[in-house]
Amino acid sequence: MSSKKVSWGLFSLLIVAILVLSACGPAAKTPVATKSTEVEVFSWWVGPGEADGLAAMVKIFNTEYPGVKFVNAAVTGGAGTNAKAVLATRLAANDAPDSWQAHAGQETIATYVTPGQVKPLDDLFASTGFDKVLPKTLLPLISQNGHPYSVPVNIHRSNVLWYNPKVLSAAGVTANPKTDFKTLDDFFAACEKIKAAGKICLSLGAPWTAIHLFENIMIGTIGADKWNGMWTTPPTTDWAGADVTAGIANFAKALSYTNSDASTMSDWQPASKMMVDGDAAFNIMGDWAYGYFANPAPNGLALKPHVDFDWAVAPGTYGIFNFLSDSFVLPTGAKHPDATIDWLTVAASKAGQEAFNPLKGSICARTDCNQALFSEYSQDAAKDWTSNVVVGSLMHGVVAAPAWSTSIGTAISLFQADTSKTADFQAALVAACKADGTCK
Amino acid sequence: MLRRFELRLPQFLLAIALMLMGLVFILTLRSNPLVIADKNLTSLAVLVSGLIFYTGVLIIVSMFQSETVLTIALLLPSMVAVAIFVYGFIGWSVRVSLSQWKGLNPDYTFVGLKQYIALFNNDPRFIIDIRNTVVFTVGFILGCLILGLGLAILLDQRLKGEAIFRGIFLVPMSISFIATGVIWGWLMNPATGNRITGINLIFQTLGLKSLISLWHSSPQPWGMVFTIIPAVWQLSGYTMALYLGGIRSVSEDLREAARVDGASEFEIYRYIILPLLQPVTLSAVIILGHMSLKIFDLIVALGNKDIRLDVPGIYMWVTTFDGTNYARGAAIGILMLISVAILVVPYLVQNMRTETEL
């Protein structure tokens with residue numbers, strides 16, 4: 001009897017629950033606001049400087065396209081590594097953002113162009129006149145079969161030699177890094193003096209910074225043309241040849257002047273700090289280091305340019321601009337392709353790049369930005385950007401597909417552990433090129 | 001099974017109503033995603049709707065008056081979930097590892113064991129991974145067992161404040177490997193000269209200059225050996241708890257009997273307690289072993305992907321997500337699974353046998 005009562009009670013309770021739920025169910029399940037006026041932009045710009053730059057560019061976007069809602073889908077962590085994993089998952093699930101950040105060059109081409117995830121941007125480049133304000137040597141590096149596939153927003157320089165003038169003069173180095181390091185041997189001669197004075201010549205950080213060093217030593221050894229020749233299909237510079245051997249020898253020598261605890265450093269900053277602290281004389285790092293040196297605390301060390309630190313082009317690379325760039329793409333599966341074009345137009349525009357770059361600490365990809373907005377270093381770099389030979393960075397995704405640059409990175413790290421194995425290292429580089437399919 | 005089916009109309013109607021409700025919700029959600037406060041809750045709503053539907057199913061099943069049927073019905077959802085999300089994805093990873101998938105678009109072209117052969121044949125990095133895993137696993141398990149047993153025996157002496165010590169020894173286990181790695185990375189900083197810091201600074205201050213070490217950036221295999229220190233620090237307390245439980249379960253009568261027969265305290269441990277702790281040691285080896293074979297976070301935090309401290313987990317991450325070589329990454333993952341399976345499966349099989357005997 002009682003059990004029957006209980007179940008009846010339960011029954012009526014549930015019926016009521018069903019009625020209530022079905023009454024409010026549809027109300028709660030309002031469909032997503034699928035306004036066509038929305039643009040979801042995916043990036044890994046969340047850190048100081050870069051997030052501010054993005055916000056400044058979004059502000060310009062909002063003024064120019066008030067009808068389009070900007071959705072910031074930035075993913076934090078790992079200098080983009082986490083973001084790329086998230087993006088790959090979203091693309092696999094056919095849930096592409098309306099545009100996403102990608103390193104300009106082969107990283108974009110191999111990862112997104114070859115699988116057909118993004119569309120060419122010839123029309124946008126022509127209609128906005130963007131192609132006319134870019135350095136001529138840049139376009140081939142961001143294009144596939146003559147079609148550009150991404151809008152470079154900013155340009156960073158990889159081949160910068162940062163140095164501590166006080167350490168140099170204390171060690172009796174008279175050579176001026178801005179003009180006198182025409183070859184790596186000139187640089188190594190200065191290193192000998194610094195070593196004799198009991199300081200580290202070249203500070204090095206986390207494992208990836210060794211790859212960064214490798215590319216700049218290689219360019220400094222073989223020059224721009226032969227460096228570019230390493231990445232053409234098929235390569236015109238022989239990976240097994242004497243040029244690469246000479247570059248490897250110089251790389252080994254450069255490593256011998258570095259600090260022994262490099263691999264335990266968490267990133268590039270501790271190595272750069274060693275230089276400004278006076279423990280080391282030189283540091284080869286991209287120009288994002290400028291913000292770290294010069295910006296006020298807490299994001300920078302608030303140091304004085306030319307006094308506490310100074311800069312030159314990496315040894316042997318005078319007249320060469322080794323670049324990397326963040327760029328945005330037009331996805332094949334964009335949900336709001338018109339809004340994406342609006343976003344890319346702002347990203348390519350003078351106003352957009354002038355808003356973004358001073359805050360990010362990079363220079364405009366355009367050559368016509370108002371230089372008064374920029375730091376002294378950036379003005380320097382911008383002059384070189386318009387006049388130098390532009391070559392692409394290996395570490396930062398311009399010249400090689402991710403799979404290839406990852407295996408080169410592995411070979412470099414193995415070599416770093418034992419720099420006597422030069423032949424093994426070169427053989428590993430040849431094998432990596434073959435595995436990529438670029439070498440026969 | 002269907003011998004006794006007792007139809008109770010009210011429950012039956014309720015069940016039908018629940019099932020219908022679940023179905024209607026799912027069908028509604030298919031076309032109308034559920035968004036509350038800018039959060040897309042569709043998948044959660046589908047799950048809840050599925051549960052409502054399944055509750056209806058369970059009510060009907062319960063009318064069969066058979067415990068076996070009800071048991072199966074209750075277990076079915078989790079069995080299906082495990083089948084899909086564990087075994088299904090293992091199967092899928094195996095398939096990927098036998099393919100040539102490189103880049104964003106899946107390419108399931110069957111290439112046999114090519115990825116595995118490439119790893120073992122001419123991949124110096126994978127050889128380093130195997131060596132490092134072996135060094136780490138052996139050192140980590142031995143370290144935890146010896147230290148854990150030692151601590152357990154010390155605590156077994158019924159000293160005052162035992163609970164406090166037990167707490168102190170167990171605390172490191174509650175810290176994540178990432179945090180352990182970062183902190184020990186600071187402690188084991190190998191910098192010298194005026195940048196000296198961490199334990200090396202303590203040694204310098206104490207005048208023990210000969211003890212100043214390069215720590216985990218020492219030449220291999222010693223560098224890898226140093227990574228064992230934080231791991232043992234973190235898990236020896238846990239091993240101690242396992243052993244202490246084992247020691248305490250040895251009956252006092254047994255010890256008393258041994259004492260009466262003239263055994264010393266040492267002999268009691270050597271001949272009575274240690275042999276009785278064998279099953280504890282076995283479970284500890286399994287638990288610690290499967291952790292160290294899959295180790296990733298601790299090493300990443302300590303070594304910043306330094307190749308000399310590379311382990312298969314890091315190589316898999318780099319290959320898959322930095323190199324977008326999904327087939328090769330899957331192959332590394334499957335090899336890790338096999339290495340853990342070699343350790344765990346015999347244990348599970350043995351467990352199942354003893355359970356059926358009981």
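Trainee: Which side chain meets R248(B) in a salt bridge?

Mentor: Happy to start there, with the reminder that this is a predicted model, where local features need pLDDT of at least 70, side-chain atom pairs count only at pLDDT 80 or more, and totals for chains, interfaces and linings use all residues. Residues are numbered from 1 along each chain as its sequence is written, chains are lettered from A and ligands numbered from 1 in the order in which they are written, and side-chain values use heavy atoms, leaving out hydrogens and water. A salt bridge here is a side-chain nitrogen of Lys or Arg within 4 Å of a carboxyl oxygen of Asp or Glu. At 3.2 Å, N to O, the partner of R248(B) is E162(B).

Trainee: How many residues apart are R248(B) and E162(B)?

Mentor: R248(B) sits in helix 9 (residues 222-248) of chain B and E162(B) in helix 6 (residues 162-170) of chain B; helices are DSSP runs of H or I, at least four residues, numbered from the N terminus. The pair thus links distant parts of the chain, and the separation is 86 residues.

Trainee: Is E162(B) buried or exposed?

Mentor: The cut-offs are under 20% relative accessible area for buried, over 50% for exposed, and partly exposed in between (1.4 Å probe, protein chains only). R248(B), at 30%, counts as partly exposed. E162(B) has a value of 12%, so E162(B) is buried.

Trainee: Which residue of helix 13 of chain A pairs with E50(A), and where does that leave the two in sequence?

Mentor: E50(A) lies in helix 2 (residues 50-64) of chain A, so its salt bridge ties together parts that are 310 residues apart in sequence. The closest N and O atoms are 3.8 Å apart. E50(A) is buried at 19% relative accessibility, and at 18% so is its partner, K360(A).

Trainee: Why are E354(A) and K350(A) separated by about one helical turn?

Mentor: Their side chains meet in a salt bridge, 3.2 Å from N to O. Both belong to helix 13 of chain A, and the turn follows because their spacing is 4 residues.

Trainee: Which helix gives the largest share of the largest nonpolar core?

Mentor: A nonpolar core is a set of buried Ala, Val, Leu, Ile, Met, Phe, Trp, Tyr and Cys residues joined through side-chain atoms within 4.5 Å. The largest has 58 residues, and W239(A) is one of those with the most contacts inside it. The largest share, 10 residues, comes from residues 207-229 of chain A, which form helix 8.
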